[in-house]
Amino acid sequence: MTKHTPQPATPDVFTGAFTQQEPIPQEGIDAALAVLNGGRLHRYNTHGDEIAETALLEEEFAAQMGSKYCLSCASGGYAMATAMRACGVKAGDKVLTNAFTLAPVPGAIASLGATPIFVGVGEDLKIDLDDLAAKIDQADVLLLSHMRGHICDMDRLMQICDAAGVKVIEDCAHTMGAKWKDTYSGRHGVMGCYSTQTYKHVNSGEGGLLISDDPDLMARAIMLSGSYMLYTRHRAAPPPEAFEHVRLHTPNISGRMDNLRAAILRPQLRDLDVQAKRWNDRYKVLEDGLSGANRLTLINRPADEHYVASSFQFLLLDWADAEIVDFVARCAARGVELKWFGADDPVAFTSKYDSWKYANPTPMPATDRVLKGVMDMRLPLTFSLEDCAQIARIIRDEVAISA
């Protein structure tokens, strides 16, 4: 009788695409076609009583966020640079910002000729508020990045900044629709900046939104964006008198959004709460699937942080570089695409504060330990809950092998 040797089980392989977004809603496609058929893509190219899609988008987003004013623009990075210019940041100034963020944040600071002062990050991937308190006297503005959707204790942060007279500009590229307690991300500081790039919570390929309750700051921002003397066509803008003292003294640094992108965005924004729940359902499946995994640290999310989880992070604290490289490669071989923020040399969009040599950063050993272990994964809504459970199983398997 022939004896059969048992064959090893075929490894579980995920076949989804981490960069595949959902299609634009049909309402957005129809609205975009109407703009294309009309030929009026420029935001100020209106006729008669026609209201531009960009003006409607601004009005609707301001109402959605509970803000007085809103400006649509070319990108989230442009929104940040414009917010800082509106707040008076100029060449030679210093601006506080997170050590854990993406390159457009310090890039926006550097684009003004200013210098980023990096504030540390804890194992919760949020800005270290003790380090912020220690550095608060070094600048007049904090560009706070809610990196990868992680919102810090905004009550304490605002207490620190208000006591020092530091203006807070919020980078909400990853927190559109998220809240700290009952307050939307972007509503704590003097201005809130959002991105509508493809991998964000609404998708127009590229684009940005800027909100504020301050009429002087928003008047400057609208003039900076390239309104010429057409600012009265904005529906979510300060009254005309707010422009009188800035309209001839503010440079035009054109960065307008067009009507095509605004048309695509408006129906997506109406579905934001529904989409947020879908993202969080997927996040929870991954979180549950990885809970208790040996040598893997999940990110603590306090009850006051009402996040919108369009991505997922975990930490491989104190792993050797070679271990992490091998782990990432083994996950990739099984179809799970992880990005490592701790590599010594930037890869794709991953980089860390000591990668940005133009900022001449001061080393922060505690932050370096955290960043060395950051693993990042996109969480598109094209993934099902079953997909997320499979991804968690694969990651858990490969962590166990590493252990």
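Q: What makes an angle between two helix axes "oblique"?
A: Angles under 35 degrees count as roughly parallel, over 145 as roughly antiparallel, 65 to 115 as roughly perpendicular, and the rest as oblique. This is a predicted model, where local features need pLDDT of at least 70, side-chain atom pairs count only at pLDDT 80 or more, and totals for chains, interfaces and linings use all residues. Residues are numbered from 1 along each chain as its sequence is written, and side-chain values use heavy atoms, with hydrogens and water left out.

Q: Why are helix 3 and helix 7 called oblique to each other?
A: Look at residues 76–86 (helix 3) and 215–225 (helix 7): their axes cross at roughly 125 degrees and come within 9 Å. Helix 3 and helix 7 are therefore oblique to each other.

Q: Which residues meet where helix 3 and helix 7 are in contact (heavy atoms within 4.5 Å)?
A: From helix 3 come Y78, T82, R85 and A86, and they meet L217, R220, A221, L224 and S225 of helix 7.

Q: What makes a set of residues a nonpolar core?
A: Its members are buried (under 20% relative accessible area, with a 1.4 Å probe and protein chains only). They are Ala, Val, Leu, Ile, Met, Phe, Trp, Tyr and Cys residues joined through side-chain atoms within 4.5 Å. The largest such core here has 35 residues, and M84 and L210 touch the most other members. Helix 3 gives the most to this core, with seven residues.

Q: Which residues is M84 in contact with, leaving aside its neighbours within four places in sequence?
A: Those are V89, V95, A108, I109, L112, L143 and I169. There's also a second, separate core of 31 residues, which includes L286, V336, M375 and A392.

Key:
Axes fitted to C-alpha atoms, helices over the stretch in contact; angles between N-to-C directions. Helix = DSSP H or I, 4+ residues; strand = E, 2+ residues; numbered from the N terminus. Contact = heavy atoms within 4.5 Å. Buried < 20%, exposed > 50% of the residue type's maximum accessible area, 1.4 Å probe, protein only.
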